[in-house]
Structure formats: structure tokens, C-alpha cells
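Please open the model in a viewer and keep the sequence panel at hand. The tour below proceeds selection by selection.

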Amino acid sequence: MIPLLNLPVDQPEVDELLRRLRLDPAAISLSRGQHRQAVDVVRAVLADVADRGDAALVDVARKFDDPEFTASQIRVSQNEMADAAARITHPQRDAIRRSIAQVREYQQHIMPHPPRPLGREGVSLGLRFTPLDSAGLYFPGGKAAYPSTLIMLAAPAQVAGVGRIAVCTPPSKFGRSDLVLAACHELKLTEVFRAGGAGAIGAMAFGTETITPVDKIAGPGNLYVQLAKRLLAGTVGVDGFLGPSDILIIADDSADPGFVAADLIAQAEHDPGCCFLLTDSAQLANAVLVELRRQSASCKRRTAIEKALASESAVIVASDLDSLIDLANRFAPEHLNIQTRDDQSVLARIRHAGAIFVGRYSPVAAGDYVAGPSHCLPTNTTARFSSGVSVFEFLKRGSIIEYTRSGLEADRQAIESLADAEHLDAHAASVSIRFTPPRS
């Protein structure tokens, strides 16, 4: 079961957990070390898709998902989506609609609006937000059906006003599920494709006979999917590293060990998943360990849960909460849950986390399905420098600069001086010409 570590005695083990969690940038970027093979595989798949288009996608699908797959099955028809929507149960349809409505509500609430222009004498400086022309959304389907992930990607893109949205998910039994296709129908998506893994990322970046290329790709997936996004960054826009799921809980002796264990197990069942409890109470730590064994015993994905808890997770005990908060910021978790006597005080000191769930009645599962913020979040400690998917992911910021003659005259000397210092005389001339009397 999950290892129990004590600080500072077990600090080397904690450092090793962090090292494994934080992907080696040299291994990823330079294709060496433990990730060399994965990077080489992804490069080969991307090259194949670029060269052969749909035929490459068919080969990948036949290898991993469906031996009978053909190119004619890549695009999902509107009738297929409508038929799937008619087959799901009323409670399932109601849940999908509730999720869509509440995610849209939140994304509309946070939709940025241009600030009032900054005015200096003769100068107006503004900012505007414009949506992407197109976006490609990828969500996994190898081990389960994830209509919730589709909603968490598509609803923000729609609220942002993206002109064209393409969706890819593997042609597995989960990717073909009625729940997934019903969610596509409820979202009124028109470009839905059966394509999985790095091949799908390549298809959305390069285009194939069936899939039109997009301007930006967003969505979670395994290491191969995330490596494909990294390798194509710059060729196409990408969101961030949204890989295997993780959770970190900060709790003191006021927390309910049953609640804490349930939240850890909920992430462990993602297969793979990483789970961490940071506490200043040895009594709570031991009670949680007991609850983990009891609760996981009856779970359908018990094998995956036990594997995640044993290999990539830990309960970490320290004598003071302050050191644990500092450690939490080093972990920069995808999901962070706070269950303490003073949750707000702890929250104020958290700098790095994809999403923060405050209090004992704020399970991550609420955010996974209906709360409103997208559950597509940065993993592998990348919350240190990136954010989760939202309307912001599908908007571009553009500056607006407007001078009058008097405003430019006021800045003229500074512009010309800096241009001369950089030996860019044409820059200086582009200003001075506006104050030179026209030739007769």
C-alpha cells in the first residue's frame, strides 16, 4: 500500500518522488535517457501522419483499437451522434446537460473584457481579446469513456467564440461509447473524429484527407500524446502538459480520514494516478492508511488503485504545517485539496496548483464533472508555470496603439534616440518624416 514518509528523516525519498514526478527536460527535449524511446516513437508517428494522412491513422487504429477500422470511419456522422443521444438514460442526459450548462456559466463569468484604454496626452493604449479561428480538442479513450473531459474542453472553446472546433478521441470501445457521442450531440459539435494518440495530434496539426488542420490543440492524454504536443509546439499552438492525473491533500488532525482516503482513491483509479497526503498529524496519517485499505477493497478498479498508491504516491508526515505548505508548492499539484482548521490561511500561501479545492466538502470529483472550472489541468508539477484550460486558452491578446500628432511629437526624441543607439536609422526616420515639411 501507500508509503508512509516522515520529514526530515525521509527527505531523500520525498526528493526522489519529486524527481520522478517532474519530467526531465533534457530527456524530453533532447530525446535521451528514459524518454528516448517514447520520443523516437512519437517522431515516427508524426512523420507518418504528415506523409500518409488518413492511411497512417488507420494503421494506428488497427494496431491499438480496432483491427477492422477503415478510413470511412474516421469522421463521426451527425446521425451517429443523434442516435447515441437517444440511447442514453434520462439521468445520464440530464447530467451531461447540467455539466455543460454549469461549465458554460463559469466560463462566461470569467470571460475577459478589454480594459479601459490608458490615455496619455495624444496617445491611447488599449487591449483586445479575439478568439482563435480553429481549435483541435483531444481527449483519451483507451481505458474509459470521458464525456466529462470533452465538455471541459469544448464548452470553454465555444464560450470563447472559436470559429471551428475539431474533436479527436481514439476509436476504442470507450471512444465510440454512447456517452461520448451523446455529449458531442449535446454540444452541437460538427467535426468529431475517431483518431487516437500521437497520430491524432499530428492529424490536427498537419491535416489529412479527412481532418482539416487547426490553429491550436488542447487536451489531456498519456505521455505519447503530450510529447506529440511538445514536439509540434510552434507549428501549432498547444495548451500545456496535461498528462497522468495527480492530487495532493494538505490536512491536519481536524480532517476526516474517510474523506481524505476517498479523495486519494478517486485519483488513484485514473490508472495511472499519483496521490499525496501531507499532514502534521501522525494519528491522521495512520487512520487514512487504514481507510485506504478498507475503501479500495470494494472498488471496481482495485488493481489500478493499489498499483498507483504503492508506486507513485505517499503519505508524508512533518511536525509543522508550514514545511508541508512549502513542500506542496514544490509539488505544484494538478489538484490540491485543503482540509484543515484554517483552510483560508493555508490557501493564502499556496502559489502553485492547477485547481484548489477548499474544505472537507469540496471533493475533486465535483470539479471533474459539474462545478464549472475545467478539469483539464497541468500535471507533472507544470502548474509551476502553466494554467488549466479555460476561455483564456482559446483567446489571443492584442495591443491597440493610437497616436495623434501631438502625442507622437512628445515621444519623438526618445524614439529617435533609442533607434539611433541601436543603429536602426530607418526606425528613427519613420518618426522624423512625419514632422518634416513635404517637398515642394
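Begin by selecting strands β9 (residues 245-251) and β12 (residues 335-339), which run parallel and are joined by five bridges. Helices and strands here are DSSP runs, numbered from the N terminus (helices: H or I, at least four residues; strands: E, at least two). Two strands are taken to pair if DSSP finds at least two bridges between them. Within this pair, I247 stands opposite H335 of β12.

The model is predicted, so local features need pLDDT of at least 70 and side-chain atom pairs count only at pLDDT 80 or more, whereas totals for chains, interfaces and linings use all residues. Residues are numbered from 1 along each chain as its sequence is written, and side-chain values use heavy atoms, with hydrogens and water left out.

**The parallel sheet**

Extend the selection to the six strands of this open sheet, whose order is β1-β11-β10-β9-β12-β13 and whose pairing is parallel. At the edges stand β1 and β13 (355-358); each has a single partner strand, so one side of each lacks a neighbour in the sheet. Neighbouring strands are turned by 20° against each other on average, direction ignored. Helix α1 (residues 11-21) packs on this sheet and touches β1, β10 and β11, and its direction makes about 120° with that of β1. Contact means heavy atoms within 4.5 Å. Axes are lines fitted to C-alpha atoms, for helices over the stretch in contact, and angles run from 0 to 180 degrees between N-to-C directions.

Now isolate β11 (residues 314-317). Which of its residues point one way, and which the other? A314 and I316 point one way and V315 and V317 the other, and all are buried. Buried means under 20% relative accessible area, exposed over 50%, and partly exposed in between (1.4 Å probe, protein chains only). In a regular strand, side chains alternate between the two faces of the sheet.

Show both partners of β11 next. Strand β1 (residues 4-6) pairs with β11 in the parallel sense over three bridges, and L4 stands opposite V315. On β10 (273-279), four bridges make the connection to β11, again with the strands running parallel; here F276 has A314 as its bridge partner.

**Helix α11**

Select residues 257-268, which form helix α11. The helix has 12 residues and reaches 16 Å from its first C-alpha to its last, close to the 16 Å expected at 1.5 Å a residue; the expected span is 1.5 Å times one less than the number of residues. At its start, a side-chain oxygen of D256 comes to within 2.7 Å of the backbone nitrogen of G258.

Colour the buried residues of α11: G258, V260, A261, D263, L264, I265, Q267 and A268. These residues pack against several elements, among them β9, β10, α12 (282-296) and α13 (302-311).

**Backbone points to inspect**

Most residues other than glycine have a negative phi, and most peptide bonds are trans. Three places are worth selecting in turn.

- The peptide bond from L7 to P8 is cis, with omega near 0°; P8 is placed in the loop between β1 and α1.
- K188, in the loop between α8 (178-186) and β6 (191-194), has a positive phi near 60° and is not a glycine. This residue is exposed, with a relative accessible area of 70%.
- A332, in the loop between α14 (321-331) and β12, has a positive phi of about 40° although it is not a glycine. At 1% relative accessibility, A332 counts as buried.

**The antiparallel sheet**

Move to the open sheet of three strands, with the order β2-β3-β14 and antiparallel pairing. Its edge strands are β2 (118-120) and β14 (395-403), each pairing on one side only. Neighbouring strands of this sheet are turned by 20° against each other on average, direction ignored. Strand β3 (residues 123-131) pairs with β14 over nine bridges in the antiparallel sense, and the bridge partner of G126 in β14 is I400. Helix α17 (residues 405-421) packs on the sheet and touches β2, β3 and β14, its direction making about 90° with that of β14.

**A last stop**

Finally, select S345 in helix α15 (residues 343-348). Is S345 buried or partly exposed? S345 is partly exposed, with a relative accessible area of 38%. The C-alpha atoms of S345 and T381, 36 residues apart along the chain, are separated by 22 Å.

Key
Polar contact = N/O pair within 3.5 Å; in protein donor to acceptor, adjacent residues only side chain to side chain.
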